[in-house]
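Please walk me through this structure, beginning with the way its chains meet and ending with its charged side-chain pairs.

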Amino acid sequence: MNVWGAVIYGIVVVASYIYAFKKDKEKGKKGLQKGWKQFLKQLPFVFSIFLLIGLFDVFIPKSVVVSVLGRGRGFLAILNAALVGSVVGGPVSSVYPLGAVLLKKGATLAVAAVFMNAWIMVGFISMPFEISIFGKKFVFVRNVLAFIGAIIIGILTGLILTGSAI
Amino acid sequence: MKNLLKSHTFEFTVAATYGVLFVLYPQKTFIALKDGTILLLRMLPIFLCVVFFSSFIALFLSPKTIQKYMGKQTGIKGVVLGAVLGTFIVGPLWVLFPLFGTLLKKGARISVVGAMIGAFAIKTPWIPYAAGFLGWPFITVTVILTLGYAVVEGFLMEKLLK
């Protein structure tokens with residue numbers, strides 16, 4: 001599946017650049033340059049995240065994750081995941097491997113989903129910047145709604161895919 | 001050197017952790033290093049696709065294009081279009097929030113911009129990457145629910161802020 005995902009995605013990317021070069025050669029070139037620059041820029045971070053996942057996998061026993069984020073913790077696990085995800089934040093390239101390793105270590109699907117949703121949807125670190133553009137009230141309402149949404153979406157994902165809300 | 005250290009604090013922290021753990025638990029740390037490297041090699045093709053697809057979208061769906069699309073949209077159609085466009089927007093927050101801010105100033109409805117920000121949580125170029133870690137059923141369900149919630153979020157924001 002992973003291989004097919006990559007193959008299909010590769011075809012999509014090649015097709016989009018054929019379109020780009022046909023439409024505007026300079027723009028196509030610029031896209032390739034920009035993409036390569038982003039690749040070099042993001043690669044050290046992505047590799048470090050994967051190495052960190054490796055450490056997590058080897059050194060953190062399953063029992064630790066289960067005791068904090070396992071089914072036995074009930075709604076508290078969901079709340080913890082939402083709070084930690086909201087506060088930490090960071091590039092999306094890191095959130096999916098983190099979610100995957102949490103799942104592997106015994107977090108429930110709903111909890112892992114809530115964690116990832118909150119990480120992506122709620123922006124605690126970027127809040128001052130967000131306020132400077134939209135004002136306090138807008139940002140407060142948006143982030144509260146995002147926090148609630150992260151929990152609702154995660155619980156529904158768990159219900160749909162595993163039949164368990166927690 | 002100092003600048004490099006500052007801009008790559010995370011990378012150096014991971015490297016230092018590895019250094020310490022290699023001394024204390026050489027065998028376990030080696031397994032972690034091997035696993036991390038294999039993960040990188042496995043995800044590298046998709047990661048390459050992500051960066052090139054993102055730069056393609058950034059060129060052909062520029063802030064100007066988005067403004068043109070969203071300028072006169074209203075009603076439920078505008079909100080849904082805003083949400084769908086939101087999933088395709090790529091780039092860092094400090095580029096996007098000013099764009100959303102400009103849209104609001106130019107008279108776009110809060111519901112439309114709210115839905116866009118909500119749907120921005122779905123980063124289309126990253127979907128295959130996410131699926132590589134979590135599987136297609138997971139990411140499909142998440143995308144559908146997030147998109148639906150983005151529309152609801154847009155309307156709720158407008159209600160609460162007016």
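**Between the chains, within a chain, and between charges**

In this predicted model, 66 residues of chain B are in contact with 68 residues of chain A. Putting the two chains together buries about 6200 Å², and carbon and sulfur atoms give 83% of that area. On the side of chain B, the residues that lose the most area to chain A are Phe52(B), Leu59(B) and Tyr149(B), which together account for 10% of what that side buries.

As for polar interactions across the interface of chain B and chain A, the rule finds zero salt bridges there, while nine residue pairs are in polar contact, with both residues of each pair at pLDDT 80 or more. The side of chain B that touches chain A draws two or more residues from each of α2 (9-24), α3 (26-60), α6 (93-105), α7 (110-119), α8 (127-134) and α9 (136-161) of chain B. Of these elements, α3(B) provides the largest share, 27 residues. By residue class, the side of chain B that touches chain A divides into 51 nonpolar, nine polar and six charged residues.

We can now turn from the chain interface to the interior organisation of chain B. Chain B is divided into domain 1, covering residues 10-60, and domain 2, covering residues 62-162, and the contact between them takes twelve residues from domain 1 of chain B and ten residues from domain 2 of chain B. The centres of these two domains of chain B, taken over C-alpha atoms, are separated by 30 Å. Between domain 1 and domain 2 of chain B the buried area is about 950 Å², with 78% of it given by carbon and sulfur atoms. Met43(B), Val50(B) and Ile57(B) supply 43% of the area that domain 1 of chain B buries against domain 2 of chain B, which is more than any other three residues supply.

Between domain 1 and domain 2 of chain B the count of salt bridges is zero, and the rule likewise finds zero residue pairs in polar contact across their interface, where both residues would have to be at pLDDT 80 or more. The side of domain 1 of chain B that touches domain 2 of chain B is made up of ten nonpolar residues, one polar residue and one charged residue.

Where, then, do salt bridges occur? Over all chains the structure holds five salt bridges, and one of them joins Asp57(A) to Lys104(A), whose closest N and O atoms are 2.6 Å apart. Because Asp57(A) lies in helix α2 (residues 25-59) of chain A and Lys104(A) in helix α5 (residues 92-104) of chain A, this pair ties together parts that are 47 residues apart in sequence. Asp57(A) also meets Lys105(A) in a salt bridge, at 3.7 Å from N to O; here the partners are 48 residues apart, with Lys105(A) in the loop between α5 and α6 (109-121) of chain A. Through shared partners, salt bridges join Asp57(A), Lys104(A) and Lys105(A) into one network. Are the two lysines of that network buried or exposed? Lys104(A) counts as exposed because its relative accessibility is 53%, whereas Lys105(A), with a relative accessible area of 9%, is buried.

A further salt bridge in chain A brings together the side chains of Glu130(A) and Arg142(A), at 2.5 Å from N to O. This pair links helix α7 (residues 127-134) of chain A, where Glu130(A) lies, with helix α8 (residues 136-162) of chain A, where Arg142(A) lies, the two residues being twelve residues apart. Both Glu130(A) and Arg142(A) are buried.

Definitions and conventions. Residues are numbered from 1 along each chain as its sequence is written. Chains are lettered from A and ligands numbered from 1 in the order in which they are written. This is a predicted model: local features need pLDDT of at least 70, side-chain atom pairs count only at pLDDT 80 or more; totals for chains, interfaces and linings use all residues. Side-chain values use heavy atoms; hydrogens and water are left out. Domain bounds come from an automatic or database domain assignment. Contact means heavy atoms within 4.5 Å. Buried area is the accessible area (1.4 Å probe) that two parts lose on being put together, summed over both. A salt bridge is a side-chain nitrogen of Lys or Arg within 4 Å of a carboxyl oxygen of Asp or Glu. A polar contact is a pair of N or O atoms within 3.5 Å; within protein, one must be able to donate a hydrogen and the other to accept it, and residues adjacent in sequence count only if both atoms are side-chain atoms. Ala, Val, Leu, Ile, Met, Phe, Trp, Tyr, Cys and Pro count as nonpolar, Asp, Glu, Lys and Arg as charged, and the others, Gly among them, as polar. Helices (H or I, at least four residues) and strands (E, at least two) are DSSP runs, numbered from the N terminus. Buried means under 20% relative accessible area, exposed over 50%, partly exposed in between (1.4 Å probe, protein chains only).
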